[in-house]
Amino acid sequence: MTELTAHGFAYSDGDVDTNTSSNPSLNAMIDQRYSRRAALRSGAMAASVAVFGGAVLAGCDSAASSSDPFPNIVSVGSSGTTKAGRVVTLTANVTDNGAVSSAWVQTQGPTVTLTNPTSTTPSFIAPAVPTAAPLRFEYRATDTAGQTTVESVTVTVDAAEMGFTSIAKNRNDVVTVPAGYSVTVLTRLGDPIASGVPPYKNDGTDTDFANRIGDHGDALYWYGLSSTGARDDNSSVRGLLVQNHENLNVQYLHPAGPTTPGGVRPEAEAIKEIEAHGVSVTEVVEGANRAWTYVQNSAFNRRITPSTSMVFNGPVRSAALLRTPYSTDGTAGRGTINNCANGHTMWGTNITCEENWAGYFRRSGDDAQRTARELVALRRYGVTSSSGSYGWSTVTPADASNTLFRRWDARATVGGSATTDWRNEPNQFGWVVEIDPYDKTRAPRKRTALGRMGHEGAWFGNQVPGKKLAVYLGDDSRGEYFYKFVSNATWTASDAHAADRLAIGDKYLDAGTLYVARFGADGSGRWLPLVFGQVPNRPAVGADPEYVFADQADILMHARLAADAVGATKMDRPEWTATNPVTGEIYLTLTNNNASLRPITGTDAANPRHYNDPKGASNQYGNPNGHILRLRELADDPAALSFVWDIYLFGADSADSNSDVNISGLTANNDFSSPDGLWFSRPSNPGGQVKPLLWIQTDDGAFTDRTNNQMLLAMPGITNDGASVTITNRGSGGTTGTQTTRRGALATDATLKRFLVGPIGCEITGVDSTPDGRTLFVGIQHPGEDGTPAAPDSSWPATQATGTAPAGTRPRSAVVVITKNDGGVVGL
């Protein structure tokens with residue numbers, strides 16, 4: 001959205017002055033100040049104004065005849081006002097009896113970059129400012145005799161505000177964004193990313209997913225490339241888009257869905273499903289008219305799948321629990337799977353995280369071959385399936401020596417061992433994985449110092465030279481924990497530009513301390529170290545005996561058990577975190593919980609709600625709408641052992657909840673449920689400066705009777721900007737209970753708006769921008785996930801252009817590009 005405040009001036013066509021005040025007109029002032037007798041002979045004549053999104057700020061003088069030997073001078077208009085992040089165009093009209101050269105120069109205010117500064121119509125993005133700041137520009141017109149005339153114009157920039165009208169909730173089969181924005185589809189499930197790979201037919205017959213975009217696109221990140229193909233963190237026109245591929249809409253990958261003839265999965269189907277998981281690295285470029293495309297034959301393009309060679313690093317490397325027939329010394333592995341959220345490093349590498357990996361493994365009936373300790377650990381991590389999610393272990397490969405399928409059978413065999421069967425294969429998953437997106441020859445590294453769990457993502461706190469680095473980690477299951485890893489090494493800024501990027505990862509990510517959070521009722525919190533010798537044995541729970549930790553590798557391998565043992569706070573599905581680039585505060589999405597794991601008698605200050613959000617005739621007790629928690633480390637030190645916290649926002653249905661549920665005061669313009677993805681705008685543009693924008697994405701089932709999943713935009717305050725409140729929880733059967741908590745400032749239309757609604761059946765997940773903030777990339781995952789091959793319940797993205805698609809068109813996960821039509825920073 002662009003804006004013009006011109007202090008009473010409206011548009012002037014150059015002949016009629018529209019100043020309606022009692023002050024002298026612009027033309028009169030020029031005539032009074034200058035006469036033609038005083039003007040330099042053969043000088044240039046011009047008029048200079050500022051334009052905000054197409055609106056002229058002030059009138060121009062009438063042009064003199066080109067044959068007039070007495071030139072006029074540069075005349076300027078009134079000052080005007082805009083907001084940070086918006087486009088401003090400076091405009092000059094110049095005439096002379098000969099050729100004229102011109103240039104604009106900034107002389108006052110925060111420095112901006114002028115586009116085409118030697119033209120008569122340069123433009124710039126208004127910078128981020130904490131309070132109103134004047135920017136002054138000189139326009140200089142020079143004729144062929146070298147005579148120059150100079151005049152100035154001032155543009156006042158006010159603090160940023162969201163520059164769009166909140167869109168309505170809807171259940172349309174398109175991506176909806178505000179007026180003034182455009183959406184295009186960039187990459188889709190099955191798009192080929194290697195030379196010679198045919199276009200995707202999208203009928204279930206396609207193969208070779210090792211060279212195609214994978215399914216269920218999740219978290220993503222932009223890595224800039226220079227024109228020569230080198231790493232360039234400032235590039236906004238060419239780069240690599242790295243995206244996770246979490247899971248499958250398996251029904252659409254095959255002609256009529258997956259098959260299991262005789263209880264056995266066909267090898268070709270399993271290969272397709274395995275290869276559609278993992279990570280993609282794809283080169284994307286901006287072309288003419290800001291049109292974005294991906295480069296199919298780029299040398300950077302890469303697929304990382306569950307079969308890609310990996311290296312283990314850190315304290316668990318070589319541990320007995322990592323040894324398998326593939327890696328008898330426990331130093332290597334194959335692949336990454338169920339890659340949900342991500343992270344990125346200052347040294348230019350990508351982090352991908354393994355979330356719901358446990359269900360892929362077949363394991364049952366082998367209890368007699370396991371120790372009691374093994375059984376406790378396997379149950380705690382959910383490695384209990386009798387078949388495995390997709391039955392890959394049932395495949396009989398054409399090559400009998402191929403173990404890519406057998407590895408998914410984690411049953412311990414009679415008389416076997418860790419190096420003769422695949423009992424330890426589940427231990428190779430649940431890690432943080434670091435990838436160099438610029439060098440496809442380097443094997444990804446699993447960073448075991450950050451612990452093993454159902455990782456949602458791994459995000460750094462603000463980096464400060466001379467301070468240790470902190471990485472924040474959510475374990476995405478109901479009743480799990482929030483973690484922090486603190487490096488032993490202190491941050492050296494020059495490491496951000498090292499040539500061997502993975503070696504820098506070794507320095508900061510292979511040695512340090514893993515902590516887990518305990519939230520206090522008074523708004524304080526503690527980080528509890530998970531260090532051998534400081535962690536007590538995990539006590540007996542139900543039928544499980546006490547778990548005795550053997551060493552530090554055991555604690556990191558079984559971080560959940562260690563967190564149990566120290567008494568960490570069980571959370572309502574801790575998912576993404578995001579770091580405010582200005583304040584360093586950490587935001588954490590707590591997506592939802594159910595009544596059994598968050599009963600009315602089991603709330604706490606950090607997870608305070610138990611209520612019902614009815615959906616049709618169904619009751620949804622627990623915390624079905626979720627919330628977003630915020631914390632600030634003591635003295636803003638990443639290595640601090642204590643913090644303060646509040647709940648920034650509570651999800652709620654504004655039309656069907658009371659003040660004990662809708663604690664943040666949401667309205668129809670900004671109500672939401674099940675927050676998941678979370679991201680602050682990059683600090684390289686006004687959206688991430690002074691008061692950064694926070695993007696909130698939802699992965700919801702509780703609210704889908706109201707709207708498809710959505711993305712909101714917020715301008716948050718700071719921790720403890722709200723109040724302590726005591727709420728009344730209401731359970732089934734009329735039971736009640738009270739809980740005191742700390743809420744952030746109430747939401748308003750100025751601080752929280754709905755920016756995007758996705759197509760039917762989708763999750764909105766993954767968001768990043770180019771460094772200049774003018775292009776936003778957003779992931780649309782699993783549209784139509786509840787449909788069938790014969791009757792898809794979404795046809796997106798085929799519907800995006802016109803709203804319709806041929807009957808039976810299968811949906812595809814995809815990345816969309818969102819731009820502001822006037823070229824400004826998205827969201828401002």
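**View 1. The largest pocket holds about 950 Å³ of space.** The model shown here is predicted. The lining of this pocket is made up of 37 residues. Look for Tyr221, His344, Gln463, Arg682 and Pro683, which lie nearest the pocket's centre. Five strands are labelled by residue range: β11 (217–224), β18 (339–344), β22 (455–460), β29 (574–579) and β36 (675–680) are the elements that give two or more residues to the lining. With 5 residues, β11 supplies the largest share. By class, the lining has 19 nonpolar residues, 15 polar residues and 3 charged residues.

**View 2. The second largest pocket has a volume of about 450 Å³.** Here 22 residues form the lining. Nearest the centre of this pocket lie Thr113, Phe124, Ile125, Asp772 and Arg774. Which strand gives the largest share of the lining? That strand is β7, residues 123–125, and its share is 3 residues. The lining divides into 11 nonpolar, 8 polar and 3 charged residues.

**View 3. The largest nonpolar core has 72 residues.** In soluble globular proteins, nonpolar side chains tend to be buried together. Five members of this core touch the most other members: Trp347, Leu473, Tyr483, Val516 and Leu530. Among the elements, helix α7 (residues 559–566) gives the most to the core, with 6 residues. A second core is separate from this one. That second core has 27 residues, among them Val177, Leu713, Cys762 and Val767.

**View 4. Leucine 530 and the residues it touches.** This close-up leaves out residues up to four places away in sequence. Leu530 touches Tyr483, Leu514, Tyr515, Val516 and Val535. Its contacts also include Gln552, Ile555, Ala559, Ala562, Ala563 and Val566. Tyr483 and Val516 are listed with Leu530 among the core members that touch the most others.

**View 5. Strand β34 is largely enclosed by the rest of the structure.** Why is β34 described this way? The strand spans residues 627–633, and 6 of its 7 residues are buried, so the rest of the structure largely encloses it. Buried here means under 20% relative accessible area.

**View 6. Strand β34 pairs with β30 and with β35.** Strand β30 covers residues 586–590 and runs antiparallel to β34, joined by 5 bridges. In this pairing, isoleucine 586 stands opposite leucine 631 of β34. Strand β35 covers residues 642–650. How many bridges link β34 and β35? There are 7, again in the antiparallel sense. Here isoleucine 628 stands opposite leucine 649 of β35.

How values were computed: Residues are numbered from 1 along each chain as its sequence is written. This is a predicted model: local features need pLDDT of at least 70, side-chain atom pairs count only at pLDDT 80 or more; totals for chains, interfaces and linings use all residues. Side-chain values use heavy atoms; hydrogens and water are left out. A nonpolar core is a set of buried Ala, Val, Leu, Ile, Met, Phe, Trp, Tyr and Cys residues joined through side-chain atoms within 4.5 Å. Buried means under 20% relative accessible area, exposed over 50%, partly exposed in between (1.4 Å probe, protein chains only). Helices (H or I, at least four residues) and strands (E, at least two) are DSSP runs, numbered from the N terminus. Contact means heavy atoms within 4.5 Å. On a 1 Å grid over the protein atoms alone, a cavity is a set of points where a 1.4 Å probe fits but cannot get out, and a pocket is an open set with protein on both sides within 12 Å along at least five of seven lines; lining residues have an atom within 4 Å of a point. Grid points are joined across faces, edges and corners, and a volume is the space filled by probe spheres set on the points. Ala, Val, Leu, Ile, Met, Phe, Trp, Tyr, Cys and Pro count as nonpolar, Asp, Glu, Lys and Arg as charged, and the others, Gly among them, as polar. Two strands pair if DSSP finds at least two bridges between them.
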